[in-house]
Amino acid sequence: MVVFQNADKDGNGILDNEEFWSVLESKTLNLKLSPEEMQAIKDRADVDQDGGITYTEFIPVVRDLLSQVYAKKDNDWNDWCKVGLIAHR
Ligand SMILES: [Ca+2]
Ligand SMILES: [Ca+2]
């Protein structure tokens, strides 16, 4: 997923707090979340609660988020691929 790779600035395969916030605050996604909402999302995403978000922890949460945000627009997973949010497989 392009979003994950861009966010993982040090390339260690894990999003720390700062890197994860940068995803949620990114202008590309335009989610407009409050700090409380972002914290709730982080807590939900970090399944093993080690403080970092791995790729496998990241995907379901973002997928969920995107469905909520873009549901109105009738977009689906393929549309997000097209706009470059995620990489084509
Ligand atoms: Ca990282
Ligand atoms: Ca984790």
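User: Welcome me in gently: how many helices and how many strands does the chain have?
Analyst: Happy to help, and please keep in mind that this is a predicted model. From the N terminus on, the elements run α-β-α-α-β-α-α. Counting them by type, the chain has five helices and two strands.

User: What percentage of the residues in the chain is buried?
Analyst: A residue is called buried here if 20 or more other C-beta atoms lie within 10 Å of its own. The chain has 89 residues, and the buried share of them is 17%.

User: Which residues of H2 are buried, and what arc do they cover around the axis?
Analyst: H2 spans residues 17-24. Its buried residues are Phe20, Val23 and Leu24. They lie on the same side of H2, because around the axis they cover an arc of only 95°.

User: Which elements help to cover the buried residues of H2?
Analyst: The cover includes two helices, H1 (2-7) and H3. It also includes the strands S1 (14-15) and S2 (53-54). Put in chain order, the names to look for are H1, S1, H3 and S2.

User: How many residues make up the largest nonpolar core, and which helices each supply at least two of them?
Analyst: Phe20, Val23 and Leu24 belong to this core, along with Val3, Ala7, Leu15, Ile41, Ala45, Ile53, Phe58, Val62 and Leu66. That makes twelve residues in all. The helices that each supply at least two are H1, H2, H3 and H4 (55-70).

User: Is Leu66 buried or exposed?
Analyst: Leu66 lies in helix H4 and is one of the residues of the largest nonpolar core. The cut-off for a buried residue is 20 or more C-beta atoms within 10 Å. Leu66 has 20 such neighbours inside 10 Å, so it counts as buried.

User: Where does Leu29 lie, and how far in space is its C-alpha atom from that of Leu66?
Analyst: Leu29 sits in the loop between helix H2 and helix H3 (35-45). It is partly exposed, because 18 other C-beta atoms lie within 10 Å, and its C-alpha atom is 9.2 Å from that of Val3, 26 residues away along the chain. Leu66 is 37 residues from Leu29 in sequence, yet C-alpha to C-alpha the separation is 8.2 Å.

User: Is Ser34 buried or exposed?
Analyst: Ser34 is in the loop between H2 and H3. Ser34 and Leu24 are ten residues apart in sequence, with 9.8 Å between their C-alpha atoms. Since Ser34 has 8 C-beta neighbours inside 10 Å, it counts as exposed.

User: What is the C-alpha to C-alpha distance between Lys42 and Phe20?
Analyst: Lys42 is found in helix H3, and it is partly exposed because it has 18 other C-beta atoms within 10 Å. Phe20 is one of the buried residues of H2. Although 22 residues separate the two in sequence, their distance in space is 7.7 Å.

User: What is the phi of Gln49, and why does its sign deserve a look?
Analyst: Most residues other than glycine have a negative phi. Gln49 is in the loop between H3 and S2, and it counts as exposed because it has 7 C-beta neighbours inside 10 Å. It is not a glycine, yet its phi is positive, at about 55°.

User: Among contacts between residues at least 6 apart in sequence, what percentage joins residues at least 24 apart?
Analyst: Two residues count as in contact when their C-beta atoms lie within 7 Å. Of the contacts in the chain between residues at least 6 apart, the percentage joining residues at least 24 apart is 49%.

Technical notes. Residues are numbered from 1 along each chain as its sequence is written. Chains are lettered from A and ligands numbered from 1 in the order in which they are written. This is a predicted model: local features need pLDDT of at least 70, side-chain atom pairs count only at pLDDT 80 or more; totals for chains, interfaces and linings use all residues. Helices (H or I, at least four residues) and strands (E, at least two) are DSSP runs, numbered from the N terminus. The arc is that of the directions from the helix axis to the C-beta atoms. A nonpolar core is a set of buried Ala, Val, Leu, Ile, Met, Phe, Trp, Tyr and Cys residues joined through C-beta atoms within 7 Å.
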